[in-house]
Structures are given as C-alpha cells and as structure tokens.
Amino acid sequence: MVAEQFPLFKLATQIARQLSSPVASRVKDFAKSNPRFSVAVCERVAILYREAEWRARITALRLAGTASPALMASRAPPMPRRQALELGGDLIGEMVIFIIGSMIIIFEVNRQAAIKEAKALEHKSEWLCVKLSLEEVQREVQAQQVDLNRLHAALKALYEPTPPAPSTPHT
C-alpha cells in the first residue's frame, strides 16, 4: 500500500526505528536525570496527558450514561512524582520517534514530488523541441514553396509564346 507508492518508505521506516530508539532513550534518560528538565517538561507533559486521559474517560462514561455528577466534576487524582517522571519521559521519547518518522515521510513525499515534477518538465521540454523542429520545417517548406512558385513562373515565361509586337509600317 504505502510501501508500493513510496519505494524507499520501508527502508525509511527501518532507519527511523533504528535512529529514533536510541535518541528517544537518551532524551528519556536526560529527562529523568536532569532535575530542571524533569520538573519543567516531564512532569508537566505527564500531568497534561493524565488530565486529557481523565477527561476522555469521564466523557466516555458520560456518553454511556454511567458517570455520576460527582465524578464528572472531579479532577484527575494526583500522580506520584516518580510515576510522572517515568510517564513524561516515555511520552517525550514517543514524541521524538513520531517527529523523526514524520520528517522522513515528509522528506520522501517531497523527493517523490520533485522526481515527478522533473519528469514532467523533461516531457514538456521534449514536446517543445518537437514543436520548434516542426515550426522550422514549416518555414523551410514555405521558403521552398516560394522558390518553386518563382521557378514555375520563370519556366512558364520561357515556354509561353510571346505575342509579336505590332509592326509599324515604314513609309
């Protein structure tokens, strides 16, 4: 399906997996070991994710008709710091993998479009060359037609008997 449309897609996805896994694990390790980054980014990402997940669950329960009003008004229970750091690091690692994969796909799509555009441009230039050649041949045919008409008129003038000039009597 996609691999058929983009020949290097399969290779690109393998490269993305190979490249992004170590990058994601390093980002995750950095996020867990650096206290400023872990508090500023990892915990906030984990808390935002937890809140979004909580709201999605509440909405699903409300749509099913099983959510109580107290549950709908409540907030997500607080997450332990260690669990928030772990979840935040995992989410950041997944974002890195997603971003690298997306960049590879965008690069491949742009590369395929450039190849297609180059082929179209080459095809158009070939047709332009054919058109110019045809116009040149048409100009040569017109010039030869003019020469033929001139030669025909000259031959006609040679072989047509000319009427004798009226003679004037000499007195």
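What span should the 30 residues of helix H3 (residues 35-64) have at 1.5 Å a residue, and how far apart are its end C-alpha atoms? In this predicted model, the expected figure comes to 44 Å and the end C-alpha atoms sit 42 Å apart, so the two agree. H3 does have a bend, though: about 25 degrees, at cysteine 42. Cys42 is also one of the buried residues of the helix, along with Ser38, Glu43, Ala46, Glu51, Trp54 and Ile58.

Both ends of H3 have something to show. At the start, asparagine 34 puts a side-chain oxygen within 3.2 Å of the backbone nitrogen of arginine 36. After the helix comes glycine 65, with a positive phi near 85 degrees.

Now for the aromatic rings. The count here is one aromatic pair. It is formed by phenylalanine 30 and phenylalanine 37, whose ring centres are 5.3 Å apart. Their planes meet at 50 degrees, and because only angles over 60 count as edge-to-face and those under 30 as stacked, the pair is classed as tilted. Neither ring belongs to a buried residue: phenylalanine 30 is partly exposed at 42% relative accessibility, and phenylalanine 37 is partly exposed too, at 24%.

As for confidence, the protein chain averages a pLDDT of 82, and 84% of the residues score at least 70. Helix H5 (residues 81-159) comes out highest, at 89, while helix H1 (residues 2-5) is lowest, with a mean of 54. Where pLDDT is low, the predicted coordinates should not be read in detail.

Methods. Residues are numbered from 1 along each chain as its sequence is written. This is a predicted model: local features need pLDDT of at least 70, side-chain atom pairs count only at pLDDT 80 or more; totals for chains, interfaces and linings use all residues. Side-chain values use heavy atoms; hydrogens and water are left out. Rings of Phe, Tyr and Trp (its six-membered ring) pair if their centres lie within 6.5 Å; planes under 30 degrees apart count as stacked, over 60 as edge-to-face and the rest as tilted. Buried means under 20% relative accessible area, exposed over 50%, partly exposed in between (1.4 Å probe, protein chains only). pLDDT is the predictor's confidence in each residue, from 0 to 100. Helices (H or I, at least four residues) and strands (E, at least two) are DSSP runs, numbered from the N terminus. The expected span of a helix is 1.5 Å times one less than its number of residues. The bend at a residue is the angle between axes fitted to the seven residues ending there and the seven starting there. A polar contact is a pair of N or O atoms within 3.5 Å; within protein, one must be able to donate a hydrogen and the other to accept it, and residues adjacent in sequence count only if both atoms are side-chain atoms.
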